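The following exercises practise the reading of sheets, empty spaces and charged pairs in a protein model. Each task is followed by a solution in steps.

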Amino acid sequence: MNGRIDTSLLLAAARGEQPADLLLRNGRIVNVFAGLVEQGDVAIWRDRIVGIGPGYKALQEVDLEGAYITPGLIDAHVHIESSLLVPAQFAAAVLPHGVTSIVADPHEIGNVAGVAGIRYMAAACADLPLSVFLMAPSCVPATDMESNGARLEAADLAPLLREGIVHGLAEMMNYPGVTCGDPAILAKLEAFRGRPVDGHAPSWLGTALNAYVASGVGTEHECTSVAEAQEKLNRGLYILIRQATNAQNLHTLLPLVTPANSRRICFCTDDRVPADLLDEGSIDFMVRQAIDYGIDPITAIQMATLNVAECYGLGDRGAVAPGRRADLLICDDLRDLRPRQVYAGGQLAAAFGHLAPSIVLSSVPVPASVGASINVAWADVDFRIGAQGRLMHVIGSLPDQLVTEDRVLPVPLVDGLAVADPGKDILKMAVVERHHGTSHVGLGFIQGIGLTRGAMAGTVAHDHHNLVVIGADDESMRQAAQAVADLGGGLVVVADGAVQAALPLPVGGLMSDRPIAEVRAGYDALRSAAAALGSPLHDPFMAMSFMALEVIPKLKLTDRGLIDVEKFAPVELFVN
């Protein structure tokens, strides 16, 4: 709630004894409790819905002329940082799409700046018309097979809960640690006992899944097949169907949804870049796609509203009902959910795809501890790989997926060195530790990115966010890495000895403080530059950022080297 509510005045407005602040007349109200549509008026006092039905008066009245009123949409799991935007600009992107609340995991900035980064995100979200429920990053670092900017233990996270900065515990990515009873992991779970705890356990089934669920984890957003999602649903987890920029699981998992189980399924976007947010949308896009697939519109809306509210214990929102927060979406066609107006806390936040003139989104100052962070001893960085055989483990990147393959392929040898083979789409990849100047560099090869020349690099590399580089030759890779460092963090494309496109990300090397339209233009230029160098991917930068995440199978690269995620252990580059 926004401030303290005088219950006696609220009840007087609910009884109709004093005027409401706003009355939305002649609406068709989507009742997500009963699964039906009601004709009627909605009375709003301050930021609360106080009445449904006839007989209310208000200081301001709006005739909806039969338009539909649905609850404001809720994103069940999202990383604001992955939008490359600071929270105010992220709100500017999603509010016009009817998203009025999000459950956000700030583990990206947490991995760079620790508790200071989380506190910055809380301050940046505090006064937004978008309601942001931060979850405490559970795995910083994700594993001990990476180097990052901070380490957060239970003792670091518990004060954030006591102070009301976080709502629960974010995705528990160290699923082997949970299942095996790692004491440090169990301490975090115990600190958040009774609070929402998000899961992250790709392909974790059988008795291992039983142990994972028994620990108190309540959700899962990493399912990539109906069979996997069904087993996890059967064991009591809420299934968060994801449609991110690079992890597009929506259409694969929609066959899971039935009238019997739909109330245990939610929607989330996880990681979505500005162009996708502006052009396709957010949760509204997922609802439209679900309806097009054949899911009943009210069921799809439940999955985007009430289900999420119940999953995370957000009892003051998620429905159009007395006492609930007046987060509302107005649309003309329930089968094509495109917001005409969006109300957040009873105030008009957006209309016809644009923020309302009354909405002023200002960013908070960025502390020095959360600013740019490039600490690399470049004299010690070497991208050369001495040959120790002809066959190598190569990361097989898959379109629109975060999972990869472990491909054993021959790689060319030149003067005793293993080099890239762009003709066969085998590129070299490096991950350079950027937080502490350790000179750790992980080296390997990747197939599926598609560059025929040049290189791309960036400081967005889940979850450690070290400097990751993929290229067709060592010199281009070094130029790209240095260009990122010169920006103080960001993304670049290099070819023919020159920077082709660049996007500075001065907030932790992850986010820009510039307006969303400017960030979108810069990111579009990056994607166009990568496409001009041969990459066929929808978003090669988002793909690159997940090639360094060693908690999603099968083969990934960190600054410590190649990681076999299924074994949770390092693996040698060369195959004997």
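In what follows, Ala, Val, Leu, Ile, Met, Phe, Trp, Tyr, Cys and Pro count as nonpolar, Asp, Glu, Lys and Arg as charged, and the others, Gly among them, as polar. The model shown is a predicted one.

**Exercise 1. The second largest pocket**

Task: State the volume of the second largest pocket and describe its lining by residue class.

Solution.
Step 1. The space in the second largest pocket amounts to about 280 Å³.
Step 2. This pocket is lined by 17 residues, and those closest to its centre are Ala142, Thr143, Asp144, Arg151 and Asn174.
Step 3. Sorted by class, the lining of the second largest pocket consists of nine nonpolar, three polar and five charged residues.

**Exercise 2. The largest pocket and its elements**

Task: Determine which element gives the most residues to the lining of the largest pocket.

Solution.
Step 1. The largest pocket holds about 470 Å³ of space.
Step 2. Two elements give two or more residues each to its lining, namely helix H3 (107-125) and strand S8 (131-136).
Step 3. Strand S8 gives the most, with four residues.
Step 4. In total 21 residues line the largest pocket, and Cys125, Ala126, Leu130, Ser131 and Val132 lie nearest its centre.
Step 5. The classes in this lining are 12 nonpolar, four polar and five charged residues.

**Exercise 3. The sheet that contains S8**

Task: Give the order of the strands in the five-stranded open sheet, and explain why S6 and S10 each have one side without a neighbour.

Solution.
Step 1. The order is S6-S7-S8-S9-S10, and the pairing is parallel.
Step 2. Strand S6 (73-78) and strand S10 (197-199) are at the edges; each has a single partner strand, so one side of each has no neighbour in the sheet.
Step 3. From one strand to the next, the twist averages 25°.
Step 4. Within this sheet, strand S7 (residues 99-104) and S8 run parallel and are joined by four bridges.
Step 5. One residue pair illustrates this: serine 101 has serine 131 in S8 as its bridge partner.

**Exercise 4. The eight-stranded sheet**

Task: Which strands stand at the edges of the open sheet of eight strands, and how do S24 and S25 run?

Solution.
Step 1. The strand order is S19-S18-S23-S22-S25-S24-S26-S27, with mixed pairing.
Step 2. The edges are formed by strand S19 (404-410) and strand S27 (498-504); because each has a single partner strand, one side of each is left without a neighbour in the sheet.
Step 3. On average, neighbouring strands of this sheet are turned by 25° against each other, direction ignored.
Step 4. Strand S24 (residues 455-458) and strand S25 (residues 467-471) run antiparallel and are joined by four bridges.
Step 5. Methionine 456 has isoleucine 470 in S25 opposite it.

**Exercise 5. Closed spaces**

Task: How many cavities of 30 Å³ or more does the structure hold, and which classes of residue line the largest and the second largest cavity?

Solution.
Step 1. There are five cavities of 30 Å³ or more.
Step 2. The largest cavity contains about 80 Å³ of space. Its lining has 18 residues, with His79, Glu171, Asp270, Phe546 and Leu549 closest to the centre.
Step 3. The lining of the largest cavity has five nonpolar, six polar and seven charged residues.
Step 4. For the second largest cavity the volume is about 70 Å³. The residues lining this cavity include Ser82, Leu84, Val273 and Tyr523.
Step 5. Helix H16 (residues 540-546) gives the most to the lining of the second largest cavity, with three residues.
Step 6. By class, the second largest cavity is lined by seven nonpolar, three polar and no charged residues.

**Exercise 6. Salt bridges and exposure**

Task: Decide whether arginine 407 and glutamate 405 count as buried, partly exposed or exposed, and give the distance in their salt bridge.

Solution.
Step 1. Side chains of opposite charge can pair when their charged atoms come close.
Step 2. The side chains of arginine 407 and glutamate 405 form a salt bridge, at 2.9 Å from N to O.
Step 3. Buried means under 20% relative accessible area, and exposed means over 50%.
Step 4. Arginine 407 has 21% relative accessibility and therefore counts as partly exposed. Glutamate 405, with a relative accessible area of 36%, is also partly exposed.
Step 5. For comparison, glutamate 17 forms a salt bridge with arginine 15, with the closest N and O atoms 3.1 Å apart, and both of these residues are exposed.
Step 6. The whole structure has 33 salt bridges. A network of salt bridges links Asp47, Arg48, Asp316, Arg317, Arg325 and Asp327.

Conventions:
Residues are numbered from 1 along each chain as its sequence is written. Side-chain values use heavy atoms; hydrogens and water are left out. On a 1 Å grid over the protein atoms alone, a cavity is a set of points where a 1.4 Å probe fits but cannot get out, and a pocket is an open set with protein on both sides within 12 Å along at least five of seven lines; lining residues have an atom within 4 Å of a point. Grid points are joined across faces, edges and corners, and a volume is the space filled by probe spheres set on the points. A salt bridge is a side-chain nitrogen of Lys or Arg within 4 Å of a carboxyl oxygen of Asp or Glu. Buried means under 20% relative accessible area, exposed over 50%, partly exposed in between (1.4 Å probe, protein chains only). Two strands pair if DSSP finds at least two bridges between them. Axes are lines fitted to C-alpha atoms, for helices over the stretch in contact, and angles run from 0 to 180 degrees between N-to-C directions.
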